[in-house]
Amino acid sequence: MAYLTDRKRASGMGAAHTGTDHHWKMIVTSVALLVLIPVFVFTFGAALGSDYETALAYYARPWPSAIAALTIAVSFYHFRKGVQTLIEDYVHGFAGKVCLIAAICISYAAAAIGILAVVRLAL
Amino acid sequence: MADVNRGNRPLSPHLTIYRPQLTSMTSIFTRITGNAVIVAALLIVWWFAALAAGPDAFATANGFITSWFGDIIMFLSMAAIWYHLLFGLRHLIWDSGRMLAVDKSETFGMAAIIVAVMLTIFTAIVI
């Protein structure tokens with residue numbers, strides 16, 4: 001660290017101390033979701049509204065369940081990052097930290113529950 | 001001494017000053033739709049968890065999501081998802097340094113609104 005110049009330490013970091021990392025992750029996940037969301041909408045739409053046995057058989061197939069698991073994982077990560085921007089813009093101080101922690105916990109918890117459910121349906 | 005004049009500085013013009021424009025309004029709605037979709041996302045996770053849990057849990061979750069109230073949530077979320085997807089695409093194009101001219105932005109904005117409405121109607125009919 002002592003050998004780094006100030007210019008080198010500041011390079012790419014900015015006020016958030018993480019540089020362009022947040023923005024880059026939003027770009028990557030949004031490109032992935034550009035493909036996943038339309039496919040998920042129409043596969044999930046086909047299962048929604050059907051009875052228990054039909055829905056169970058539908059998500060026992062590898063293709064719909066893979067789409068569902070990927071969409072849940074990527075979209076909740078995208079939400080976790082996106083809602084962070086929302087909270088940082090409008091809620092400040094201690095309340096902001098509480099909101100941020102709650103939002104992050106809800107995002108990962110929902111993603112975990114969703115993926116576990118899909119895995120159980122698929123296997 | 002960064003805190004010398006905190007809270008008493010002149011502010012740059014914000015939402016209350018500017019006339020609403022297509023570009024600013026579509027940007028604000030991108031944020032609102034993106035965050036509002038969490039409601040549908042949590043309902044869908046509930047649906048999957050219930051389907052994995054068994055017939056009784058599924059009947060409760062599926063019953064709520066396909067009720068008239070659930071239908072309204074899912075329909076509005078569908079519109080929000082298509083809107084957010086198209087305007088997210090616009091942000092990706094902007095980030096690549098393309099289509100930044102005002103006239104092009106406004107044309108794409110109007111086109112994306114129309115496409116989002118059409119996709120929503122199409123999805124509602126198909127599903």
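A residue counts as buried here if 20 or more other C-beta atoms lie within 10 Å of its own. Keep that in mind as you look at this predicted model, because we'll use it to pick out B:Thr26, B:Thr30, B:Thr33 and B:Gly34, the buried residues of helix α1 of chain B. We'll start with that helix, then step back to chain B, and finish with a helix in chain A.

**Helix α1 of chain B**
- This helix covers residues 22-36, and its end C-alpha atoms sit 21 Å apart, which agrees with the 21 Å that its 15 residues should span at 1.5 Å a residue.
- Which residues of α1(B) are buried? They are B:Thr26, B:Thr30, B:Thr33 and B:Gly34.
- Look down the axis of α1(B) and those buried residues fall within an arc of 95°, so they line one face of the helix.
- A handy bit of background is that an α-helix has 3.6 residues a turn, so residues three or four places apart point the same way.
- Over on the other side of α1(B), you'll find B:Ser24, B:Met25 and B:Ile28 exposed.
- The cover over the buried residues of α1(B) includes α4 of chain A, along with α4 and α5 of chain B.

**Chain B as a whole**
- Chain B has five helices and zero strands, so its radius of gyration is worth a look: at 20 Å it is well over the 14 Å that the globule rule gives for 127 residues, so the chain is more spread out than a compact globule.
- Along its principal axes, the C-alpha atoms of chain B fill a box of roughly 60 × 40 × 25 Å.
- Just 27% of the 127 residues of chain B count as buried.
- Take the contacts in chain B between residues at least 6 apart in sequence: 68% of them join residues at least 24 apart.

**Helix α2 of chain A**
- Spanning residues 21-47, α2(A) has 27 residues and reaches 37 Å from first C-alpha to last, close to the 39 Å expected.
- Where is the kink in α2(A) centred? It's at A:Leu33, with a bend of about 35°, and A:Leu33 is also one of the helix's buried residues.
- Parts of both chains cover the buried residues of α2(A), including α4 of chain A plus α4 and α5 of chain B.
- After α2(A) comes A:Gly49, whose phi is positive, near 95°.

**How confident is the prediction for chain A?**
- Chain A averages a pLDDT of 92, and 98% of its residues score at least 70.
- Among the elements of chain A, helix α1 (residues 6-10) has the lowest mean pLDDT, 77, while helix α5 (residues 93-122) has the highest, 96.

Notes
Residues numbered from 1 in each chain as written. Chains lettered and ligands numbered in written order. Predicted model: local features only at pLDDT ≥ 70, side-chain atom pairs only at ≥ 80, totals over all residues. Helix = DSSP H or I, 4+ residues; strand = E, 2+ residues; numbered from the N terminus. Expected span 1.5 Å × (residues − 1). Bend = angle between axes of the 7 residues up to and from the residue. Buried ≥ 20, exposed ≤ 12 C-beta atoms within 10 Å, placed from the backbone. Contact = placed C-beta atoms within 7 Å. pLDDT = per-residue confidence, 0-100. Rg over C-alpha atoms; globule rule 2.2 N^0.38 Å. Arc of directions from axis to C-beta.
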